[in-house]
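Here is a short briefing on how some helices pack and where a pocket sits. Keep the sequence and the structure in view as you read.

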Amino acid sequence: MIPDKTRILFLAGIGVVLFALGYIFHTASLFGWYRAFSFITPMVYLGILFYFLKKETEKLLVVFFVLYALSRLATVLYEIEFMASLFLILNSLALLSLVKYASRSVDFSAMNLFYKIIFGLVIAINAYFVYLLIVSVKDVTLSDFHYVMLLFDGACAILLAFVTLLYNHQSGNKASMFFLIAVFVLIFSQVFLVLGYYELGYDENVAVHIARILLIISCLMFVRHNIVKPLTAENHEDASAS
């Protein structure tokens, strides 16, 4: 059994190495390689997850990691309309796989009116800001379909945020908290990626590097979530038995 602190240091160390290599590619103006390297990041953490948990690895998290990695690979040729749309399709499917994963632990009928209003307001505010962000890049989208997929991808992110908040609220344990952090860091990663790519008010290089750091942190948190989830379930069963 690997000590928990050792796992954390190992995951963080891998993250530092991945960021450093990506930074070197970006600094050397090897932007194609830099984008391709974002495919490697989720796959590396998926491999680590398999190494740590083997059969206990959550299948829907595997689906997410694979789809998300493939979507990053599609960004290598993002300036081609087909590849840009393919990126958004794969990215949306990856987010929806997380929605399905979190939904399994959510009892939607247990929400009272107060929480429905609070969650509704949170989602409405997030939806408004996502809409403003997408509208700001409408003129530089590659086609009408590309723009529609941007809107759909944003809607998937909002839905994921809503379900994740419910999951954490109803579960209230370490595993759900790690999942919450992973999801919202992932969403912010995508926001900074848009800000960097379309040069929307931020230094392009800074925004892109922040997006990469957040992606690494998100992958790390998904791994942490899957590692502690079986332990959380065992502790819950022990508490119920006593």
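The axes of α5 (113–136) and α6 (144–171) come within 10 Å and cross at roughly 155 degrees. Angles over 145 degrees count as roughly antiparallel, so α5 and α6 are roughly antiparallel to each other. This is a predicted model: local features need pLDDT of at least 70, side-chain atom pairs count only at pLDDT 80 or more, and totals for chains, interfaces and linings use all residues. Residues are numbered from 1 along each chain as its sequence is written, and side-chain values use heavy atoms, without hydrogens and water.

**α5 with α6**
- The crossing is right-handed (the near helix is turned clockwise from the far one by less than a right angle).
- Residues in contact (heavy atoms within 4.5 Å) include F119, V122 and N126 of α5 and L150, G154 and I158 of α6.
- This contact has 17 nonpolar, 3 polar and no charged residues.
- Ala, Val, Leu, Ile, Met, Phe, Trp, Tyr, Cys and Pro count as nonpolar, Asp, Glu, Lys and Arg as charged, and the others, Gly among them, as polar.

**α6 with α7**
- The axes of α6 and α7 come within 9 Å and cross at roughly 160 degrees.
- That angle makes α6 roughly antiparallel to α7.
- Their crossing is left-handed (anticlockwise by less than a right angle).
- Among the residues that make the contact are D153, A157 and L160 of α6 and F179, L180 and V183 of α7.
- By class, the contact of α6 with α7 divides into 12 nonpolar, 5 polar and 1 charged.

**α1 with α2**
- Helix α1 (residues 4–27) and helix α2 (residues 31–53) pack at about 165 degrees, with axes 9 Å apart.
- α1 and α2 are therefore roughly antiparallel to each other.
- The crossing of α1 and α2 is right-handed.
- The contact of α1 with α2 holds 16 nonpolar, 4 polar and 1 charged residues.

**The largest pocket**
- A pocket is an open set of points on a 1 Å grid where a 1.4 Å probe fits, with protein on both sides within 12 Å along at least five of seven lines.
- The largest pocket has a volume (the space filled by probe spheres set on the points) of about 1000 Å³.
- It has 40 lining residues (an atom within 4 Å of a point), and S189, Q190, V191, L193 and V194 are the closest to its centre.
- The largest share of the lining, 10 residues, comes from α7.
- The lining has 27 nonpolar, 8 polar and 5 charged residues.

Terms used. Axes fitted to C-alpha atoms, helices over the stretch in contact; angles between N-to-C directions. Helix = DSSP H or I, 4+ residues; strand = E, 2+ residues; numbered from the N terminus. Parallel < 35°, antiparallel > 145°, perpendicular 65-115°, else oblique.
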